[in-house]
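Please open the model in the viewer and keep the sequence panel at hand. The tour proceeds by selection, one stop at a time.

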Amino acid sequence: MNIEERKWEVMLSESDLKERIAEMGKELKKDYDGKNLLVIALLKGSFIFCADLVRSIDIPQLKVNFMTTSSYGDGFSSAGKVKVQSDITLNDITDYDVLIVDDIADTANTMDFVVKHITKKNPKSLKTCVLLDKPSRRQVDFVPDYCGFSIEDKFVVGYGFDFEDRYRNVPYIFNVTDELR
């Protein structure tokens, strides 16, 4: 599919995203104030969201680390199996309240895998945060602790979400429709 030939439907504007992420930052500040917060961003999709989110959490001493997993096969649907491509770089997280940040909970196979993986490292506490949630696609029992937006089952691109590893830098989230331009 060539998405340049299709109409794009803006689902979440730049201002929608900024407003909701600011709200999430305030909620996270309230919940984690005085705690030893470690944010683990799941790459690549969450990098833009996570950067904006941590800037909106008014806790200067929070730490950020990264983990790369892979699960998507053809670019449209989950392959179902999750692999760690690069793990977090901290050896001991037992004193940290961990917040795992991902771009989307779709099938939730990735988040389910990562939660189990990080739990084995014995953090003080562990919660999850996603920008988008697609509960209709769930394959495992998972509800994010923090969620930006719940959306319908549509293929989304922009603001970190990609199509063939492109379009991540688009400052809003759009759906590629079946309509030609």
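How many bridges join E1 to strand E9? In this predicted model, select residues 173–180, which form strand E9, together with E1; five bridges join the two strands, and they run antiparallel. To place one of these pairings on screen, select Arg-6: its bridge partner in E9 is Leu-180.

Next, extend the selection to the whole sheet. It is an open sheet of three strands in the order E1-E9-E8, with antiparallel pairing. Strand E1 (6–12) and strand E8 (156–157) stand at the edges, and each has a single partner strand, so one side of each is left without a neighbour in the sheet.

**Second stop: the cysteines**

Select the cysteine sulfur atoms. A search of the whole structure finds zero disulfides. Cys-50 is in no disulfide, and the nearest cysteine sulfur, that of Cys-129, is 8.2 Å away. Is Cys-50 buried or exposed? Its relative accessibility is 3%, so Cys-50 counts as buried.

Move on to Cys-147. Why does the sulfur of Cys-147 form no bond with the closest cysteine sulfur? That closest sulfur, in Cys-129, is 8.1 Å away, which is too far for a bond; the cut-off for a disulfide is 2.5 Å. Cys-147 has a relative accessible area of 23% and is therefore partly exposed.

**Third stop: Arg-138**

Select Arg-138, which lies in the loop between strand E6 (125–133) and strand E7 (146–150). Which backbone oxygens should be displayed with this residue? The side chain of Arg-138 reaches the backbone oxygen of Ala-105 at 3.1 Å. A polar atom of the same side chain lies 2.8 Å from the backbone oxygen of Asp-106.

Now display the surroundings of Arg-138. Leaving aside neighbours within four places in sequence, Arg-138 is in contact with Ala-105, Asp-106, Thr-107, Ala-108, Asp-133 and Pro-144.

**Last stop: Thr-128**

Finally, select Thr-128, which is found in strand E6. Thr-128 has a relative accessible area of 2% and is buried; the cut-off for that label is under 20%. Which residues does Thr-128 touch, not counting those up to four places away in sequence? Display Leu-99, Ile-100, Met-111 and Val-115, then Phe-142, Val-143, Pro-144, Asp-145 and Tyr-146: Thr-128 touches each of these. Pro-144 may be kept highlighted from the previous stop, since Arg-138 is in contact with Pro-144 and Thr-128 touches Pro-144 as well.

Methods: Residues are numbered from 1 along each chain as its sequence is written. This is a predicted model: local features need pLDDT of at least 70, side-chain atom pairs count only at pLDDT 80 or more; totals for chains, interfaces and linings use all residues. Side-chain values use heavy atoms; hydrogens and water are left out. Two strands pair if DSSP finds at least two bridges between them. Helices (H or I, at least four residues) and strands (E, at least two) are DSSP runs, numbered from the N terminus. Buried means under 20% relative accessible area, exposed over 50%, partly exposed in between (1.4 Å probe, protein chains only). A polar contact is a pair of N or O atoms within 3.5 Å; within protein, one must be able to donate a hydrogen and the other to accept it, and residues adjacent in sequence count only if both atoms are side-chain atoms. Contact means heavy atoms within 4.5 Å.
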